[in-house]
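Please open the structure in your viewer and keep the selection tool at hand. The tour below proceeds one selection after another, with a short note on what is found at each stop.

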Amino acid sequence: MGTRRALAATAATLALALGAAVPAAALGGAPAPSVHAVPAARSHRPGVEHATVVIANFMFHPMRLVVRPGERVVVVNRDSVVHTLTATDGRFSTGDVPAHGTRAIVAPRAKGTYHYFCAIHQFMTGTIVVR
Ligand SMILES: [Cu+2]
């Protein structure tokens with residue numbers, strides 16, 4: 001009952017913590033609920049010219065980020081494993097973002113839609129829209 005569900009959740013969390021690529025289906029069909037508070041994608045403080053992508057539970061938040069040309073994008077890794085945020089065409093990449101670490105990229109200057117993924121866990125995908 002409750003105990004069995006708790007054990008299953010623990011096993012899934014452990015698998016993620018160990019860096020295993022666990023398909024959503026293996027976790028019961030739905031993504032595990034986030035245990036992290038995910039801040040707003042963008043600071044609204046005046047004068048702060050950067051956007052933020054948070055990586056938590058092997059997902060990018062938000063999955064679609066709108067930025068200005070050349071805007072700095074800070075990438076915060078809340079997971080216990082290394083991730084990257086890498087354009088599918090290679091035009092930008094954070095390189096390795098350490099567990100609980102932060103890196104940044106500069107968004108392209110050309111307006112358009114740019115798809116990215118994690119080069120280590122390629123099922124992790126997202127989009128940056130420059131406009
Ligand atoms: Cu990753």
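**A tour by selection**

Begin with the whole protein chain, where, among contacts between residues at least 6 apart in sequence, 42% join residues at least 24 apart. This is a predicted model, and colouring the chain by confidence is a sensible opening step. The average pLDDT is 78, and 63% of the residues score at least 70. Select residues 6–30 next: their pLDDT is below 50, although the model gives this stretch 17 contacts beyond near neighbours in sequence. Residues 32–40 likewise stay under 50, with 12 contacts beyond four places in sequence. Where pLDDT is low, the predicted coordinates should not be read in detail.

Now switch to a cartoon representation, in which the chain shows one helix and eight strands, following the pattern α-β-β-β-β-β-β-β-β along the sequence. Of the 131 residues, 21% count as buried.

**The nonpolar core**

Which residues have the most contacts inside the largest nonpolar core? Select Val53, Val67, Val73, Val75, Leu85 and Ile128, which hold that place in a core of 19 residues. Strands E1 (50–56), E2 (59–61), E3 (64–67) and E4 (72–77) each supply at least two residues of this core, and the largest share, four residues, comes from E1. In soluble globular proteins, nonpolar side chains tend to be buried together.

Centre the view on Val73 and, leaving aside its neighbours within four places in sequence, display its contacts: His50, Ala51, Val53, Val67, Ala104, Ile105, Ala107 and Ile128.

**The four-stranded sheet**

Hide the side chains and select E3, E8, E7 and E5, which in that order form an open sheet of four strands with mixed pairing. E3 and E5 (86–87) stand at the edges, each with a single partner strand, so one side of each is left without a neighbour in the sheet.

Walk across the sheet from the E3 edge, where four bridges join E3 to E8 (residues 125–130) and the two strands run parallel; here Arg64 stands opposite Thr127 in E8. The next pair to select is E7 (residues 112–117) with E8, which pair in the antiparallel sense over six bridges, and Tyr116 can be picked out opposite Gly126 in E8. Finish at the other edge, where two bridges join E5 to E7 in an antiparallel arrangement, and where Thr86 has Phe117 in E7 as its bridge partner.

Key
Residues numbered from 1 in each chain as written. Predicted model: local features only at pLDDT ≥ 70, side-chain atom pairs only at ≥ 80, totals over all residues. Core = buried A, V, L, I, M, F, W, Y, C linked by C-beta atoms within 7 Å. Buried ≥ 20, exposed ≤ 12 C-beta atoms within 10 Å, placed from the backbone. Contact = placed C-beta atoms within 7 Å. Pairing = 2+ DSSP bridges. pLDDT = per-residue confidence, 0-100.
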